[in-house]
Amino acid sequence: MPSARQAALQALMHHRKSGTPAEAVLDKEITKQNLSPRDAALASKLTFGVLQNRTLLDFYLSKFSHTPTEKLEPRILDILRIAAYQILFLDRIPDSAAVDEAVEQTKQGSPKAAGLVNAILRRLTENKTKLPAPPDLATKYSHPNWLVRRLTDELGEESAEALLAANNAEVPLYAQVNTLKTTLAELAAAMAAEGVTTEPHPWLPDCLILKNPGNPAKLQAFRDGMFYIQDPAARLAVLAADLQSDTRILDACAAPGGKSFAAAIQIGNKGEIISSDLQEKKLAKIQTAANHLGITILHTRAMDARTLDPTDIGAFDTVIVDAPCSGLGIIRKKPEIRDKTPEEIARLPEIQLEILQGAAKCVALGGVLLYATCTILPEENSGVIAAFLKDNANFIPESINVGAAIGRPFPPTLHHTSDSGRPMAAPTPNPIGQITLYPHIHGTDGFFFCKLRRVN
């Protein structure tokens, strides 16, 4: 029978076997099983809860299993993890229900293992108030050891732990108001009429935090093009570029389109925006979404920024490069990103620099080059910028006045404080023209952007 737990199990198994992003396989499973909004929400919580806490769950399960967890059948281990997550992290589901459902799931494919699953989970339930403390931060927050060491070296242990905790926290949805069609107050009222609770973002204008939206694409306000979903960090980067109306803008790595939409709205739908990407199927989605928002100045084009059309050289007032990156700043949204290896990441800066070098040729004299990533590793951010500036003396960093961009003082920290009660501060001052945002400091994705001006 269709159920949230069954959808979560199928999604975890499919993700494990194919490597397909968890969000994609879960959405497919929810549609396949035709789950109610309530069951779909639970399936999502279970799937991402397991991925966020996998190492910790295995640590506790191993205390009550005579068989090492790594030697258990992968499907059985997935079932155990789903049940353990409910027992240890969720308050509204009785432990007995989590155990019984896990046993039934086991019987469907491995009936001989049902007794094992029952015994492990019963012992976990009986001992959940006296479990041992995790031995280290990597286990406690289910991040790979190499990444915990990197973050600790970069940020210090206290701030690194706060970031690890933020990576496992629930992330709200942010609705960016389409001011071409509506206002923040009108959108909030429309959301309330559909039963969605909202509150204005604490520092980003024309942005609402959605409390209980379900699937936002099913809201009438979304169908009417009144908003689009985007993290505050990405929109702040576009605001910081200080775009002007009636100019030409190239979004060189545009998919899924959020920065192009933010740019079009910021300049009042006056000018021209070329949204480019390598994959044409992604471009079709960008164009459809732009039309839905009432944006008429956006056009798409398949393009590799490293191999330019001669007519694009020097042809744009602003060029945005949201380069392919490790994605380590969005682990809180895509927990499987933490499984990337240092070897995978080591290859990225060279590609990022090549893309930036190519896109820079499109910037007109006096124009702006905006480089952005959703990672917090210096080698993908300030390291790429340093390498670029070494070979491009015709670009100079330009100070970014975030307060002016958002029309209010920009807070160095929001709500998060350290265990000692002190507000978290950025680990090092940002160089001129460069901003790094952190989930545990700014309440955003981990994000980097740099503003460069082309001079003679």
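Which are the buried residues of helix α9 (residues 145–155)? The legends below start with the whole chain and come round to that helix.

**Figure 1. The whole chain, as a predicted model.** Local features here need pLDDT of at least 70 and side-chain atom pairs count only at pLDDT 80 or more, while totals for chains, interfaces and linings use all residues. Residues are numbered from 1 along each chain as its sequence is written, and side-chain values use heavy atoms, with hydrogens and water left out. You'll find 20 helices and twelve strands in the chain; these are DSSP runs numbered from the N terminus, helices being H or I with at least four residues and strands E with at least two. Along its principal axes, the C-alpha trace spans about 75 × 50 × 45 Å. Of the 456 residues, 52% are buried, meaning under 20% relative accessible area with a 1.4 Å probe, counting protein chains only (exposed is over 50%, and partly exposed lies in between).

**Figure 2. The largest nonpolar core.** Such a core is a set of buried Ala, Val, Leu, Ile, Met, Phe, Trp, Tyr and Cys residues joined through side-chain atoms within 4.5 Å. The largest one has 63 residues, and those with the most contacts inside it are F261, I273, I295, L328, F447 and F449. Helix α13 (residues 232–240) chips in the most, with seven residues. In soluble globular proteins, nonpolar side chains tend to be buried together.

**Figure 3. A closer look at F447, and another core.** Leaving aside residues up to four places away in sequence, F447 touches a whole crowd, including A233, A234, A237, K259, C374 and L437. Touching here is a contact, with heavy atoms within 4.5 Å. There is also a second, separate core of 46 residues, with A11, L26, I93 and L124 among them.

**Figure 4. L116 and its place in a helix.** Look for L116 in helix α7 (residues 114–127). L116 is partly exposed because its relative accessible area is 31%. E186 is 70 residues from L116 along the chain, and the C-alpha atoms of the two are separated by 56 Å.

**Figure 5. Helix α9 and what it packs against.** Back to the opening question: the buried residues of α9 are W146, L147, V148, L151 and L155. They pack against α8 (137–140), α10 (157–167), α16 (342–346) and α20 (439–442). Right after α9 comes G156, with a positive phi near 90°.
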